[in-house]
Amino acid sequence: MTIKLTTPAAVAASLAAMLASAPANAAEYVQAPGSTLAFASRYDGEVFTGRFSEFATKLSFDPARPEAGKLDVTIGLASAATGNADRDSTLKTADFFDVAKFAQARYSASGFRRLADGRYVADGTLELRGVRKPVTLTFAWTGGAQPVLEGKAVVKRLDFGVGGGDWADTSAIPDEVNISTRVALKPI
């Protein structure tokens with residue numbers, strides 16, 4: 001079948017229809033300077049916070065099509081710092097992150113969901129200490145020239161063998177660790 005377009009208006013209408021029906025491509029991003037990845041827990045009732053100074057984020061995301069989104073985060077476990085030298089050195093040991101054996105953790109997710117409040121959910125997988133378990137990240141998205149993803153998750157440390165042995169007592173250290181991130185992004 002051949003369609004003959006005889007007027008400029010018909011040509012313009014045809015082009016507009018083709019462009020409107022073309023699938024939108026998700027934008028590709030990498031982490032920009034100024035990003036943070038933090039964690040918070042308690043030890044003997046005292047709240048402490050820490051950060052991973054080494055992590056790298058890759059994101060493919062279009063807010064109009066969150067189901068096509070992809071997120072990949074690699075975390076250097078030896079970069080964990082809480083501001084307490086004893087705690088920081090303990091985190092590196094075999095009882096916790098075991099950085100000699102497992103230098104990195106990785107979080108990956110594909111196919112996000114939009115929530116009614118405008119935030120998004122990434123049902124992903126965290127690989128930590130050789131264990132892979134589902135972890136849900138809820139995040140807000142701010143678009144623009146330098147987009148920002150701000151998210152929160154809860155990780156059950158004992159599911160990954162973090163703080164086992166004498167440290168498995170959840171009255172001393174809760175099982176749930178709160179994770180928060182603010183990732184500044186730049187297009188690639």
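**Exercise 1. Pairing around strand S4**

Find the residue in S5 that stands opposite Thr-57, and then work outwards to the strands that pair with S4 and S5.

*Solution.* Step 1: Thr-57 has Val-73 opposite it in S5; the coordinates used here and in every later exercise belong to a predicted model.

Step 2: Taking the strands as wholes, S4 (residues 55-61) and S5 (residues 70-76) run antiparallel and are joined by six bridges.

Step 3: On another side of the pairing scheme, strand S1 (residues 27-31) is also antiparallel to S4, with four bridges between them, and Tyr-29 is the residue that stands opposite Leu-59.

Step 4: S5 in turn is joined to strand S7 (residues 104-110) by seven bridges, again in an antiparallel arrangement, and the pairing of Asp-72 with Ser-108 in S7 is one of the positions at which this can be followed.

Step 5: Burial completes the picture, since five of the seven residues of S4 are buried and S4 is therefore largely enclosed by the rest of the structure, while S5, likewise with five of its seven residues buried, is mostly covered.

**Exercise 2. Lys-58 within S4**

Decide whether Lys-58 is buried or exposed, and describe its surroundings.

*Solution.* Step 1: Lys-58 is placed in strand S4, a strand in which five of the seven residues are buried.

Step 2: The relative accessibility of Lys-58 is 54%, and because exposed means over 50%, the residue falls in that class.

Step 3: Across the pairing with S5, Lys-58 stands opposite Asp-72; the two are separated by 14 residues in sequence, and their C-alpha atoms are 5.2 Å apart.

Step 4: When neighbours within four places in sequence are set aside, the contacts of Lys-58 are Tyr-29, Val-30, Lys-70, Leu-71 and Asp-72.

Step 5: As background to an exposed residue in a largely buried strand, side chains in a regular strand alternate between the two faces of the sheet.

**Exercise 3. The nonpolar core and the largest pocket**

Identify which members of the largest nonpolar core touch the most other members, and characterise the lining of the largest pocket.

*Solution.* Step 1: The largest nonpolar core holds 39 residues, and Leu-59, Phe-97 and Tyr-107 are those that touch the most other members.

Step 2: For Tyr-107, the contacts beyond four places in sequence include Leu-71, Val-73, Ala-122, Leu-126, Val-135 and Leu-137, and also Asp-72 and Asp-123.

Step 3: The general expectation for soluble globular proteins is that nonpolar side chains tend to be buried together.

Step 4: The largest pocket offers about 810 Å³ of space and has 41 lining residues, among which Phe-39, Phe-52, Phe-97, Val-177 and Ile-179 lie nearest its centre.

Step 5: Sorted by class, this lining consists of 30 nonpolar, seven polar and four charged residues, and strand S12 (residues 176-187) supplies the largest share of it, with six residues.

Step 6: Phe-97 thus appears in both descriptions, as a member of the core that touches the most others and as a residue nearest the centre of the pocket.

**Exercise 4. Loop residues**

Establish where Asp-98, Arg-129 and Gly-161 lie and how accessible each one is.

*Solution.* Step 1: Asp-98 belongs to the loop between helix H2 (85-91) and S7; although not a glycine, Asp-98 has a positive phi of about 50°, and its relative accessibility of 13% makes it buried.

Step 2: Arg-129 sits in the loop between strand S9 (120-128) and strand S10 (131-142); Arg-129 is not a glycine either, yet its phi is positive at about 60°.

Step 3: The relative accessible area of Arg-129 is 19%, and because buried means under 20%, it is still counted as buried.

Step 4: Gly-161 is in the loop between strand S11 (148-156) and S12 and, with a relative accessibility of 29%, is partly exposed.

Step 5: Contacts of Gly-161 beyond four places in sequence are Asp-95, Phe-96 and Arg-129, and its C-alpha lies 9.6 Å from that of Ala-94, a residue 67 places away in sequence.

**Exercise 5. The whole chain**

State how many helices and strands the protein chain has, and how its contacts are spread along the sequence.

*Solution.* Step 1: There are two helices and twelve strands, in the order α-β-β-β-β-β-β-α-β-β-β-β-β-β.

Step 2: Of the 188 residues in the chain, 36% are buried.

Step 3: Among contacts between residues at least 6 apart in sequence, 58% join residues at least 24 apart.

Methods:
Residues are numbered from 1 along each chain as its sequence is written. This is a predicted model: local features need pLDDT of at least 70, side-chain atom pairs count only at pLDDT 80 or more; totals for chains, interfaces and linings use all residues. Side-chain values use heavy atoms; hydrogens and water are left out. On a 1 Å grid over the protein atoms alone, a cavity is a set of points where a 1.4 Å probe fits but cannot get out, and a pocket is an open set with protein on both sides within 12 Å along at least five of seven lines; lining residues have an atom within 4 Å of a point. Grid points are joined across faces, edges and corners, and a volume is the space filled by probe spheres set on the points. Ala, Val, Leu, Ile, Met, Phe, Trp, Tyr, Cys and Pro count as nonpolar, Asp, Glu, Lys and Arg as charged, and the others, Gly among them, as polar. A nonpolar core is a set of buried Ala, Val, Leu, Ile, Met, Phe, Trp, Tyr and Cys residues joined through side-chain atoms within 4.5 Å. Buried means under 20% relative accessible area, exposed over 50%, partly exposed in between (1.4 Å probe, protein chains only). Contact means heavy atoms within 4.5 Å. Two strands pair if DSSP finds at least two bridges between them.
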